[in-house]
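These are my notebook entries on a structure I looked up. I set down what I checked, topic by topic.

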Amino acid sequence: MARRLLTATKLVSRSSIGVGTIHRTMASCGTSQVVPKEEVVRFVRECLRKAGTSEKDGQTVGHHLMTADYSGHFSHGMNRLRMYVQDLETKITDAHAKPRIVNDFQAVALVTGDNGLGHVVGKFCMELAIEKAKKFGIGMVTARSSNHYGICGYYTRMAMDQGLIGFTCTNTSPMMAATRSKGKGLGTNPLSLGMTASDGDRFHLDMATTAVALGKIELAITKKEPIPPGWAMGSDGKVTTDSEDAYKTSLLMPLGGEEQTSGYKGFGLALMVEVLCGILSGGQFGPNVRQWKDKKRVADLGQCFMAINPEAFGPGSQERLSILLKQLRSLPPATDKPILVAGDPERAAMERVDENGGISYHPNQLKDAEEFAEQMGVEPMKVVPAKIH
């Protein structure tokens with residue numbers, strides 16, 4: 001059976017915390033119990049500190065993973081913690097590395113992550129892009145020697161919170177079956193663009209250029225569910241709905257699926273991301289990036305970050321965006337479901353968390369967190385009753 005993040009070979013136990021204590025803390029967790037956001041951050045931070053990071057870097061990653069779960073992207077939140085800890089403990093990722101500027105010219109810059117945590121590299125790069133955008137109207141930063149940096153939307157939100165348009169994309173380990181091929185040529189190569197409207201509304205796109213991110217298949221395995229057709233190819237080189245087989249091959253379909261359903265467009269978008277990331281930064285690119293399960297060499301991922309000041313182009317853009325979003329949502333519906341724009345599902349997820357007083361996790365993920373707390377020697381996450389059941 002394929003090795004999975006949530007059922008990975010357990011690390012050597014270093015804890016004096018009893019299993020009974022953990023179960024009393026987190027037992028019987030379900031939809032009626034939630035984990036407060038700050039508790040998720042604390043748990044991630046302490047686990048990463050045990051793995052050798054600084055308090056600051058642990059906090060950065062903790063806030064990022066919490067935000068992913070908070071916005072409903074459970075595939076890229078706490079689900080990724082084991083992977084980060086393992087990479088730090090095996091030193092395939094440098095716990096002490098700090099991003100630094102290699103080239104800096106007016107509105108653009110090149111940064112090396114020196115093989116540090118991708119979230120730390122990403123935060124540094126977007127902060128630099130924001131600084132440049134405020135000075136020049138636009139800022140663009142590429143990074144190399146980085147690692148998995150979480151959800152793209154986290155970085156675009158950083159720019160949005162400053163009244164700017166944010167954009168980011170990253171290359172990843174090759175997983176995409178190029179159109180007309182059953183070989184891995186490009187990664188999931190996700191991208192995000194976001195802008196805030198005048199009335200607090202927003203457009204916030206965050207998407208993979210494959211039909212789905214690998215984390216969604218991992219979650220399907222955790223839940224013991226099949227995957228929809230068009231997500232991935234199986235070991236026989238054909239489209240599969242078997243989540244176990246899909247994870248084993250890690251051969252994802254491009255956005256759009258097969259050629260007759262416009263999968264070549266997803267393939268083209270992924271290649272666009274690769275130009276902005278691996279090609280432009282000088283990091284690894286395409287099939288040269290290490291395989292997802294290869295822990296013998298560093299990732300050396302390439303990433304791109306942009307921040308744009310809309311006011312540099314003249315007034316009124318945020319007002320126009322507000323009008324557009326309202327017009328789109330008010331179009332005649334084809335079903336009984338509301339029309340959504342990018343960012344609406346995440347906003348709804350965050351509102352539910354705020355109403356409930358915390359994040360509701362799948363029981364299997366909570367069980368894994370219990371075990372991991374004991375292995376890492378940290379206090380397990382505390383759960384509280386949901387405010388709204």
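I looked first at the register of Thr112 and found that its bridge partner in strand 4 is Arg144. The model is a predicted one. Thr112 belongs to strand 3, residues 108–112, which pairs with strand 4 in the parallel sense over 5 bridges.

**Entry: the sheet**

I then traced the sheet to which these strands belong. It is an open sheet of 7 strands in the order 2-3-4-13-5-8-9, and its pairing is mixed. I noted the edges: strand 2 (100–105) and strand 9 each have a single partner strand, so one side of each has no neighbour in the sheet. I also looked up the twist, and neighbouring strands are turned by 10° against each other on average, direction ignored.

**Entry: the hairpin**

How many bridges join strand 8 and strand 9? I count 6 bridges between strand 8 (residues 191–196) and strand 9 (residues 202–207), and the sense is antiparallel. Leu193 stands opposite Leu205 of strand 9. The two strands form a hairpin with 5 residues between them. In that turn, I recorded a positive phi of about 90° for Gly200.

**Entry: a helix across the sheet**

I checked which strands helix 9 (residues 263–281) lies across, and I list strand 3, strand 4, strand 5 (165–170), strand 8, strand 9 and strand 13 (301–308). Helix 9 runs at about 80° to strand 4.

**Entry: helix pairs**

For helix 2 (residues 37–50) and helix 4 (residues 81–89), I have a packing angle of about 20° and axes 10 Å apart. Angles under 35 degrees count as roughly parallel, so helix 2 is roughly parallel to helix 4. Their crossing is right-handed. From helix 2, Phe43, Val44, Cys47 and Leu48 take part, and they meet Leu81, Tyr84, Val85 and Leu88 of helix 4.

At what angle do helix 3 and helix 5 cross? The axes of helix 3 (residues 55–70) and helix 5 (residues 118–136) cross at roughly 90° and come within 9 Å. I therefore entered helix 3 as roughly perpendicular to helix 5. On the helix 3 side the contact is made by Asp57, Thr60, Val61, His64 and Leu65, and on the helix 5 side by His119, Val120 and Lys123.

**Entry: Asn147**

I located Asn147 in the loop between strand 4 (138–146) and helix 6 (152–160). Is Asn147 buried or exposed? With a relative accessible area of 6%, Asn147 is buried, because the limit for that class is under 20%. Leaving aside residues up to four places away in sequence, I find that Asn147 touches Thr93, Asn115, Gly116, Gly118, Arg290, Ala299, Leu301 and Gln303.

**Entry: cysteines**

I searched the whole structure for disulfides and found 0. Cys125 is in no disulfide, and the nearest cysteine sulfur, that of Cys304, is 9.5 Å away. Cys125 counts as buried, at 0% relative accessibility. For Cys304, the nearest cysteine sulfur is that of Cys169, 4.7 Å away, and Cys304 is likewise in no disulfide. A disulfide requires sulfur atoms within 2.5 Å. Cys304 is buried, with a relative accessible area of 0%.

Conventions. Residues numbered from 1 in each chain as written. Predicted model: local features only at pLDDT ≥ 70, side-chain atom pairs only at ≥ 80, totals over all residues. Heavy atoms only, no water. Helix = DSSP H or I, 4+ residues; strand = E, 2+ residues; numbered from the N terminus. Buried < 20%, exposed > 50% of the residue type's maximum accessible area, 1.4 Å probe, protein only. Contact = heavy atoms within 4.5 Å. Pairing = 2+ DSSP bridges. Axes fitted to C-alpha atoms, helices over the stretch in contact; angles between N-to-C directions. Parallel < 35°, antiparallel > 145°, perpendicular 65-115°, else oblique. Left-handed = near helix turned anticlockwise from the far one by under 90°.
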